[in-house]
Every structure is written in C-alpha cells, then in structure tokens.
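This report covers two pockets, one helix and one loop residue. The sequence and the structure come first.

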Amino acid sequence: MNYLMPYPGVEAEYDLLVVDTEFTRLPMEKEAVWSWAEHCRLLAVAIVPLAQSEKPDHFYATRKISKAILSICNPFVRETVIPSMGASVATVAFDDEANLQPSLKSYLATRRRSTGKPPLLAVDWIGDAYLLRPLFEDEPAWLLLDRVPQIEFALDAGWPAERTRHNALHDAEVIRAAFATTLGWSNASD
C-alpha cells in the first residue's frame with residue numbers, strides 16, 4: 001500500500017478525499033490489522049472531499065443489514081453503530097462488497113474528471129484502508145492522518161453536538177473539518 005504523511009501542498013497535487021468506514025467488529029487483541037480486515041465486513045463507507053467546490057461532493061454507502069450480517073456483529077456494533085447509520089441518507093445501498101465496488105469506482109472516476117487530479121484517500125486509522133483495499137482494481141494513494149492532534153480532539157472532546165457518532169459520513173465530515181484546520185483552510189468546514 002502506498003501511504004503518504006501530510007505535507008504542505010498535498011492538496012494541490014491530489015484530490016484529497018477523507019474516508020471513514022463502519023464495520024462488524026474491531027480487531028481483537030494481538031490481531032494484525034490486515035488479518036482483521038480479511039475477516040471483518042464493511043457496514044458503511046463515507047468519502048468527503050477536502051475541497052467541496054467540485055462535484056460530486058460526497059459518497060455515503062451503507063450495507064443492507066441482514067440476519068447473517070447481524071450475527072457477525074459484536075454487541076457494540078449492533079446497539080450503537082447500526083442505528084447510527086441512518087442518521088444520514090445513503091447515496092448507495094449495497095448487499096456485499098462486490099455490489100459496492102462499481103459505485104465506488106464511478107464516484108472516484110467522476111471526481112477525477114471534475115478535479116483533474118488523482119484521488120488521495122485520507123484515513124485517520126490504517127484499518128479503514130485495509131478494509132477498503134480489496135475494492136480497488138487500481139489502488140489509489142493513501143494519506144495517513146493518525147496522531148494529528150486537531151483530528152484526535154475533534155473525534156473526542158471536540159465532537160460537534162449536531163453530529164451522530166459512529167455514522168461514517170458524520171465521522172468523515174468531522175475529520176475533514178479538523179484536517180482543514182491543520183492546513184489553514186476555512187472552506188472545508190460544514
């Protein structure tokens with residue numbers, strides 16, 4: 001996987017897209033993230049561009065929740081994450097990752113035509129990248145935003161009251177606003 005760390009001017013070279021996911025469970029103690037991603041299922045994915053001037057402005061896909069999916073979700077996911085997924089209207093509903101792949105590919109291709117820049121998918125946790133990696137034929141570059149103080153604060157004590165936690169779209173929007181602050185941007189906040 002091609003990972004970049006934030007650097008000045010990164011947003012001038014790439015269409016910087018903030019990504020967040022929801023999934024059936026967290027990694028177990030001592031479980032490698034790559035192994036977790038192979039055995040976990042994606043429940044939702046949201047992508048929001050840092051610069052909101054180009055269209056489409058966001059992507060939010062949610063899995064249709066079946067009994068089979070519920071059976072592999074841990075209690076926290078069943079009680080907290082799944083109910084929060086409906087706090088935003090999904091642009092795509094999918095049954096499995098194979099059904100999600102064409103919509104994700106189309107969104108990224110449309111963004112690339114609109115911006116003229118290659119996508120750079122920014123994640124605050126490497127697990128998001130590992131979970132999404134199998135969905136890409138031509139893997140995009142990834143920007144790792146872990147340990148960025150503004151993002152850590154926004155996702156904890158600075159969480160906006162009008163947002164729903166554990167909703168991938170709301171999480172991505174909060175991360176975007178915090179990252180925009182680190183870049184000195186003001187147009188990326190909601």
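Which helix gives the largest share of the lining of the second largest pocket? Helix α5, residues 97–115, does, with 6 residues. The model is predicted, and the pocket values below are computed from it.

## Second largest pocket

The volume of the second largest pocket is about 320 Å³. It has 14 lining residues, and K105, L108, P119, F136 and D138 are the closest to its centre.

Sorted by class, the lining of this second largest pocket holds 8 nonpolar, 1 polar and 5 charged residues.

## Largest pocket

The largest pocket encloses about 480 Å³ of space. Its lining is made up of 20 residues; D20, F23, D124, H166 and D171 lie nearest the centre. Two or more lining residues come from each of β2 (15–23), α4 (75–84) and α8 (168–183). Strand β2 gives the most, with 4 residues.

In the lining of the largest pocket, 9 residues are nonpolar, 3 are polar and 8 are charged.

## Helix α8

Helix α8 has 16 residues, and at 1.5 Å a residue it should span 22 Å; the C-alpha atoms at its ends are 22 Å apart, which agrees with that expectation. At the N-terminal end, N167 acts as a cap for α8, with a side-chain oxygen 3.0 Å from the backbone nitrogen of L169. After α8 comes G184, which has a positive phi, near 80°.

Is α8 largely enclosed or largely open? Because 12 of its 16 residues are buried, α8 is largely enclosed by the rest of the structure. The buried residues are A168, L169, H170, D171, A172, E173, V174, I175, R176, A178, F179 and A180. D171, buried in α8, is also one of the residues nearest the centre of the largest pocket. The packing partners of the buried α8 residues are β2, β3 (42–49), β4 (59–63), β7 (141–144) and α7 (149–154). Strand β2 therefore appears twice here, as a packing partner of α8 and as the element that gives the most to the largest pocket's lining, while α8 itself is largely enclosed because 12 of its 16 residues are buried.

## Loop residue A161

A161 sits in the loop that runs between α7 and α8. Exposed means over 50% relative accessible area, and A161 counts as exposed because its relative accessibility is 80%.

A161 and L26 are 135 residues apart along the chain, and 25 Å separates their C-alpha atoms.

Conventions:
Residues are numbered from 1 along each chain as its sequence is written. This is a predicted model: local features need pLDDT of at least 70, side-chain atom pairs count only at pLDDT 80 or more; totals for chains, interfaces and linings use all residues. Side-chain values use heavy atoms; hydrogens and water are left out. On a 1 Å grid over the protein atoms alone, a cavity is a set of points where a 1.4 Å probe fits but cannot get out, and a pocket is an open set with protein on both sides within 12 Å along at least five of seven lines; lining residues have an atom within 4 Å of a point. Grid points are joined across faces, edges and corners, and a volume is the space filled by probe spheres set on the points. Ala, Val, Leu, Ile, Met, Phe, Trp, Tyr, Cys and Pro count as nonpolar, Asp, Glu, Lys and Arg as charged, and the others, Gly among them, as polar. The expected span of a helix is 1.5 Å times one less than its number of residues. Buried means under 20% relative accessible area, exposed over 50%, partly exposed in between (1.4 Å probe, protein chains only). Contact means heavy atoms within 4.5 Å. A polar contact is a pair of N or O atoms within 3.5 Å; within protein, one must be able to donate a hydrogen and the other to accept it, and residues adjacent in sequence count only if both atoms are side-chain atoms.
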